[in-house]
2 protein chains.
Amino acid sequence: MTAANPSSSSQAEFEKIDASFQMTVRDHVHRAMRSAIISGRFQPGQKINERNLAEQFGVSTTPIKEALRQLETEGLVEALPRRGVVIRFSMSWAEEMILARAALESMIAHLAAKRIDEKGKAALSVIATRMKEATASGDADSLIALNETFHDHVHKSSQCGYLAKLIERQQFYDASIRRVIHLDPTERQKALDEHVAIAEAIAAGDADKAERTMRDHVVRSGDTYLSIVFKKKGEV
Amino acid sequence: MTAANPSSSSQAEFEKIDASFQMTVRDHVHRAMRSAIISGRFQPGQKINERNLAEQFGVSTTPIKEALRQLETEGLVEALPRRGVVIRFSMSWAEEMILARAALESMIAHLAAKRIDEKGKAALSVIATRMKEATASGDADSLIALNETFHDHVHKSSQCGYLAKLIERQQFYDASIRRVIHLDPTERQKALDEHVAIAEAIAAGDADKAERTMRDHVVRSGDTYLSIVFKKKGEV
DNA sequence: ATTTCAAATCTGATATATCAAGTTTCACAC
DNA sequence: GTGTGAAACTTGATATATCAGATTTGAAAT
């Protein structure tokens, strides 16, 4: 819907401005810590000291505690009552996060295939075409952006708000590494083929195929990521 | 391992007592609020006032804020920066939580079938036998407990710590309603058949069948729950 | 040298105070 | 009556203070 829509009502309709862009201290800490953990800047089992953290960020312990609760619920740290929090992130944790994302993305792809409308199919097709172009021209940055657009569109088509949010929390790809991956022509082509297959399955309403191709895509691309970050050719 | 094990060392070995049973105020608030939300004691979109809540619980706002951050990350409430938190739970949210659990449980069942050892198979068989007995005798309380034991055992067999934790957070079954469900002989029998099928598939190492039967089980039993709680015969 | 145990210390958990953004109220102008 | 806007009020966000459980330390006992 566009900002002004005079046809349906005498009152012009505007999107409510989203307050979520506002940055609070706790969110800043949360993002910074999350990023630090998934990029390996803490050792598994390492203890986190609230006062130290607060000092490092130059804030009080209150927003620190809140950020730690969020990380705890995400499963990236573990809180031992009255003993503090320790880092819970390792290669095996990352592997499981990929599996979780594969399970959830394939479920959401299944539903998207069932629920997508004609307009959604057209939009998906446009995204796929842009991906082909960006793949051919080797535009890694565009590909990274299109990748996100593609998955977001699948989420939207599924009409699943909860699942979409849940999937977001399984994401731990780092921008710089994604760039490295997309600069490899072989990898680019694989990802393109998979995205096209997913888009076609969804557009065709083939829920089972959408589910399968999505799962394979998430697992394969996740393994590529893992093998780079953890310097190991890993099969799950 | 038993508490004392003199064979391996001159030093007696004891299980470290698990500190996780300790109840902190924030955990109490978190559980209480979670339970209240999923059992419908708040309306979707309802605003939550931190000071009111603190007063109701008779505590300060600090643990309240922490509990709200946990609920936020779980997706049960939404925090609008500097405007407070609102309830985000409705029938559609519950439906999606069931789908999420189905996706994750089927993934974990798949892995369990691949990774379970002989000892694990034997234990699973014992649980299945107990379930048959409890189903025949109509012991609802035992069935509820066995149900949990069964799923926990599948989780353990899969060797997936992260996935198991994630699944826990998709659980929103209320004890009293579970009891109602298990008191129905037809429902009991359906659940038993499904559990047996899952156990057999896992024991046979048939990962795909374990995955399918687990997903169907979670979706079907979830729908039963939904239809009771939301008083609607719901197909997803 | 090893064990014991209590004091000192550290640190997470909670309470209270302060600040600032958001909301409401209401007098005033048009 | 409607719209404007400033003051009053509410409330989330952050900071600081206090409390209590956990860990460490070190001297005394064996």
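Student: How far apart are the end C-alpha atoms of helix α3 (residues 61-74) of chain B?

Tutor: This is a predicted model, in which local features need pLDDT of at least 70, side-chain atom pairs count only at pLDDT 80 or more, and totals for chains, interfaces and linings use all residues. Residues are numbered from 1 along each chain as its sequence is written, chains are lettered from A and ligands numbered from 1 in the order written, and side-chain values use heavy atoms, leaving out hydrogens and water. Helices (DSSP runs of H or I, at least four residues) and strands (E, at least two) are numbered from the N terminus, and a helix's expected span is 1.5 Å times one less than its number of residues. For the 14 residues of α3(B) the expected span is 20 Å, which agrees with the separation of the end C-alpha atoms, 20 Å.

Student: How many residues of α3(B) are buried?

Tutor: Buried means under 20% relative accessible area, with exposed over 50% and partly exposed in between, for a 1.4 Å probe and protein chains only. The buried residues include B:Pro63, B:Leu68 and B:Glu74. The helix is largely enclosed by the rest of the structure, because the buried count among its 14 residues is twelve.

Student: Which strands stand at the edges of the sheet in chain A?

Tutor: Two strands pair if DSSP finds at least two bridges between them, and three strands of chain A form an open antiparallel sheet in the order β1-β3-β2. Each edge strand has a single partner, so one side of each is left without a neighbour in the sheet; these strands are β1 (47-48) and β2 (77-80).

Student: Which residue of β3(A) does A:Ile48 stand opposite?

Tutor: Two bridges join β1(A) to β3 (residues 84-87) of chain A, and these strands run antiparallel. In β3(A), the residue opposite A:Ile48 is A:Val85.
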